Amino acid sequence: SPKDAKLRHTRGFFLMTQQRVDLAIADFTKAIELNPKYSQALNNRGLALLSKGDLKPAMADFEQALSIDPKYVEAMINRGFTLYRDGKPKQALADYTQALKLNADNVSALNNRGLAYFDLKDYEKAAADFSQAISRDRYNSKFYLERRECWLKLGRDAEAQADAAKVAWLNKFNELNRTVSN
């Protein structure tokens with residue numbers, strides 16, 4: 001029944017959080033057997049497979065999830081990431097761009113598209129995407145580091161130094177937060 005499929009999916013998701021990937025895959029598979037149109041279970045099984053480096057079956061799951069729900073942004077981003085990991089940054093760009101058309105605020109799509117542009121040596125576009133990601137999540141030092149690399153490639157040392165200083169500040173800020181919360 002659909003209810004049993006949801007239970008299997010939920011347990012699979014929990015198992016993924018516990019790094020028990022093979023058991024998670026088994027539960028996602030059972031959820032899909034019980035409800036073949038369960039796009040979320042397909043997407044999450046794809047993520048589990050991707051975490052094991054199984055790109056082809058992961059891609060098949062993302063493709064199937066998107067055939068069920070063509071506007072499933074997370075599956076689109078995950079398919080793009082699979083293409084990126086498979087050394088196909090140009091093809092990944094299409095998925096990230098489409099995901100951003102559906103949800104312009106999606107930080108993962110912005111970051112991943114920035115990485116693809118960087119690999120393609122389009123440092124201006126990469127920096128623009130990292131800047132947009134920063135505008136949506138200003139406490140994520142990873143975005144500043146990635147943008148800093150763009151500035152360095154573009155010979156924009158002042159901007160690179162400013163981002164490096166922001167990273168240092170964020171690292172201290174985050175360390176202070178961890179200390180205070182413990």
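This is a short talk on one chain, going from the whole fold down to a few residues.

First, a caution: what you see is a predicted model. Every number I give is computed from that model.

Let me start with the overall picture. The chain has ten helices and zero strands, so there is no sheet to discuss by the definition used for strands. Reading along the sequence, the pattern is α-α-α-α-α-α-α-α-α-α. The C-alpha atoms fill a box of roughly 60 × 45 × 25 Å along the principal axes.

Now burial and surface. There are 182 residues in the chain, and 41% of them count as buried. The exposed surface comes to about 10100 Å², with carbon and sulfur atoms supplying 52% of that area. If you take the contacts with a separation of 6 or more, 44% are between residues 24 or more positions apart.

On charge, I count 29 positive and 23 negative side chains. The centres of those two sets lie 2 Å apart.

Next, helix H3, residues 39-51. Does its length fit, or not fit, an expected rise of 1.5 Å a residue? At that rise its 13 residues should span 18 Å, and the end C-alpha atoms are 18 Å apart, so the two agree. H3 is mostly covered, with ten of its 13 residues buried. Among them are Ala41, Leu42, Leu49 and Leu50, and also Asn43, Asn44 and Arg45. After H3 comes glycine 53, which has a positive phi, near 85 degrees.

Alanine 41 also gives us a link back to the start of the chain. Lysine 6, in helix H1 (residues 2-17), is 35 residues from alanine 41 in sequence, but the C-alpha atoms of the two are 8.5 Å apart in space. Alanine 41 is on the list of buried residues in H3, whereas lysine 6 counts as exposed, because its relative accessibility is 51% and the cut-off for exposed is over 50%.

On to the aromatics. How many aromatic pairs does a search of the whole structure find? The search finds two. One is phenylalanine 81 with tyrosine 84: the ring centres are 6.4 Å apart and the planes are at 25 degrees, so this pair is stacked. Both residues sit in helix H5 (residues 73-85), and because they are three residues apart, about one helical turn separates them. In general, an α-helix has 3.6 residues a turn, so residues three or four places apart point the same way. Phenylalanine 81 is partly exposed at 28% relative accessibility, while tyrosine 84 is buried at 18%.

The other pair is phenylalanine 118 with tyrosine 123. Here the arrangement is edge-to-face, with 5.0 Å from centre to centre and 65 degrees between the planes. Tyrosine 123 is buried, at a relative accessible area of 14%.

Last, a charged residue. Is aspartate 95 buried or exposed? Aspartate 95 is in helix H6 (residues 89-102), and it is buried, with a relative accessible area of 7%. What does aspartate 95 contact, once neighbours within four places in sequence are left aside? The contacts are Met76, Arg79, Gly80 and Leu83.

To recap: ten helices and zero strands, a mostly covered H3, two aromatic pairs, and a buried aspartate 95. That is where I stop.

Conventions
Residues numbered from 1 in each chain as written. Predicted model: local features only at pLDDT ≥ 70, side-chain atom pairs only at ≥ 80, totals over all residues. Heavy atoms only, no water. Helix = DSSP H or I, 4+ residues; strand = E, 2+ residues; numbered from the N terminus. Buried < 20%, exposed > 50% of the residue type's maximum accessible area, 1.4 Å probe, protein only. Contact = heavy atoms within 4.5 Å. Areas by Shrake-Rupley, 256 points an atom, 1.4 Å probe, with all protein chains shown as cover. Lys, Arg positive; Asp, Glu negative; His and termini not counted. Charge placed at Lys NZ, Arg CZ, Asp CG, Glu CD. Phe/Tyr/Trp six-rings, centres within 6.5 Å; stacked < 30°, edge-to-face > 60°. Expected span 1.5 Å × (residues − 1).
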